[in-house]
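The following account is intended to be read beside the sequence and the three-dimensional view. Please keep both at hand while moving from the overall fold to individual side chains.

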Amino acid sequence: MGPEPHIGPEPKGEQRIGLLNGFAAYGMWGIVPLFWPLLEPASAGEILAHRMVWSLGFVLIALMVTRRWAWAVPLLRQPRKLGLITVAAAVITVNWGVYIWAVNSGHVVEASLGYFINPLVTIAMGVLLLKERLRPVQWAAVGIGFAAVLVLTVGYGQPPWVSLCLAFSFATYGLVKKKLNLGGIESLAAETAIQFLPALGYLVWLSAQGDATFGGEGAGHAVLLAGTGVVTALPLVCFGAAAIRVPLSTLGLLQYLAPVLQFLLGILYFHEAMPPERWAGFALVWAALSLLTWDALRTAQRSRTVLRNATIAAASAPAGESSLSRRQ
């Protein structure tokens, strides 16, 4: 028999590595709005297609380096999983496309809102689709989030469609990924393999129409377009390294780093307008997220206490029984 698996807390060194990778992943996702404008005059559609094509190339190199191919053949024999991967590829295509368009069209703040409200949408989808039961605090957070959307609808003069599209597409993507149960790199490889031919076909069509910018705007522009693969996959690699080393509750807190950075970039760097009604809507969203975070941390603490007490009780029981048998 091999060594028993480690079931206690991760060593401090491993936790430090996990935290650094977590900060790196969410930090890169947070500052990615700085990258997409560099790709102009390429359209959002062309950028999206290049992102799909080059992401597949990057993850194939990563899989060759790590020799992680064992999952591929069994996956091809599972039509249901292939169908789920196709759905995941479709919704993440929508998410990527809307996000790129939003950033390059001056809607960075509205895009950040999408990732702020994503946890609320995920909870709502859990209730509607999975029949999950919410705790009172979670119901309160969802209610406040709904009120925030109403306030922002007044502020924007229409529903915040960009935010809602990003939140619902990413929540759907998360739901599908949960059912897939594939690793980050493996899942991205499968998804981009599905995206590859349509994306490549679109790029060929653009080139035939004379509308492609790849190769026509200089070597630097071509390198930046190819770099979309690295920009897509590298944060995911860091996230995977963090996910196996730090508690889920810590990752839950780190996830807010990305929209916070995006929000700050939208205001301070891109100088997007924030009238009072939008501040009010964002304040309601942040209040809802504060409630969710507090409830999640409290629940996690209770679970750890129950587990610790059960472990202590299980460990002390044999000793008590042994001493009793000796007295008899």
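The paragraphs below treat the fold, then the salt bridges, the aromatic contacts, the surface and the loops.

The structure is a predicted model. It contains 13 helices and zero strands, so that the order of elements from the N terminus is an unbroken run of α. The C-alpha trace spans about 95 × 50 × 35 Å along its principal axes. Of the 328 residues, 39% count as buried.

The charged contacts offer a first route into the interior. Side chains of opposite charge can pair when their charged atoms come close. The structure holds four salt bridges. In one of them, Asp-295 is joined to Arg-135, with the closest N and O atoms 2.7 Å apart. This pair links distant parts of the chain: Asp-295 belongs to helix H13, Arg-135 lies in the loop between helix H5 (108-130) and helix H6 (136-156), and 160 residues separate them. The environments of the two partners may be stated in turn. Asp-295 is buried, because its relative accessible area is 1% and the limit for that class is under 20%. Arg-135, by contrast, is partly exposed, at 33%.

Asp-295 also meets the side chain of Arg-298 in a salt bridge, with an N to O distance of 3.0 Å. Here the partners lie three residues apart in helix H13, and therefore about one helical turn separates them. Arg-298 is partly exposed, with a relative accessible area of 28%. Arg-135, Asp-295 and Arg-298 are thus linked in a network of salt bridges.

A further salt bridge joins Glu-191 and Lys-177, whose closest N and O atoms are 3.6 Å apart. Because Glu-191 lies in helix H8 (residues 184-209) and Lys-177 in helix H7 (residues 161-180), the pair ties together parts that are 14 residues apart in sequence. Glu-191 counts as buried, at 1% relative accessibility.

Attention now turns to the aromatic side chains. The count of aromatic pairs comes to 17. Among them, Tyr-26 and Phe-239 are arranged edge-to-face, with 6.1 Å from centre to centre and 90° between the planes. This pair connects distant parts of the chain, since Tyr-26 is in helix H1 and Phe-239 in helix H10 (residues 228-243), 213 residues apart. Tyr-26 is buried, with a relative accessible area of 11%, whereas Phe-239 counts as partly exposed at 26%. Another edge-to-face pair is formed by Tyr-269 and Phe-270, with centres 4.9 Å apart and 85° between the planes. Of these two residues, Tyr-269 counts as exposed at 52% relative accessibility, and Phe-270 as partly exposed at 25%.

Aromatic residues also gather in a group: Phe-116, Phe-263, Trp-279, Phe-282 and Trp-286 form one aromatic cluster. Elsewhere, a ring meets a charge, as the charged end of Arg-51 sits over the ring of Trp-96, 4.2 Å from its centre.

Helix H10 supplies another long-range relation. Leu-234 is located in this helix and counts as partly exposed, at 35% relative accessibility. Its C-alpha lies 9.2 Å from that of Val-59, although the two residues are 175 apart in sequence. On the surface, Leu-60, Ile-61, Met-64, Val-65 and Trp-69 form a nonpolar patch with about 510 Å² of accessible area together. Ile-61, one member of this patch, is in helix H2.

Helix H12 and the residues after it deserve separate inspection. H12 has 13 residues and reaches 17 Å from its first C-alpha to its last, close to the 18 Å expected at 1.5 Å a residue. Its buried residues are Ala-258, Pro-259, Gln-262, Phe-263, Leu-265, Gly-266 and Ile-267. Phe-263 is also a member of the aromatic cluster described above.

Which backbone angle marks His-271, just after H12? It is a positive phi of about 55°, found although His-271 is not a glycine. The residue lies in the loop between helix H12 (257-269) and helix H13 (276-327). His-271 is exposed, because its relative accessible area of 63% is over 50%.

A final backbone feature occurs towards the other end of the chain. The peptide bond from Glu-40 to Pro-41 is cis, with omega near 20°. Pro-41 is found in the loop between helix H1 (12-31) and helix H2 (44-66).

Definitions and conventions: Residues are numbered from 1 along each chain as its sequence is written. This is a predicted model: local features need pLDDT of at least 70, side-chain atom pairs count only at pLDDT 80 or more; totals for chains, interfaces and linings use all residues. Side-chain values use heavy atoms; hydrogens and water are left out. Helices (H or I, at least four residues) and strands (E, at least two) are DSSP runs, numbered from the N terminus. Buried means under 20% relative accessible area, exposed over 50%, partly exposed in between (1.4 Å probe, protein chains only). Patches are made of residues with over 30% relative accessible area and no salt bridge: like charges are joined within 9 Å, nonpolar side chains (Val, Leu, Ile, Met, Phe, Trp, Tyr) within 5 Å. Accessible areas come from the Shrake-Rupley method with a 1.4 Å probe; for residues, only the protein chains shown count as cover. Rings of Phe, Tyr and Trp (its six-membered ring) pair if their centres lie within 6.5 Å; planes under 30 degrees apart count as stacked, over 60 as edge-to-face and the rest as tilted. A charge sits over a ring if NZ of Lys or CZ of Arg is within 6 Å of the ring centre and within 35 degrees of the ring normal. The expected span of a helix is 1.5 Å times one less than its number of residues.
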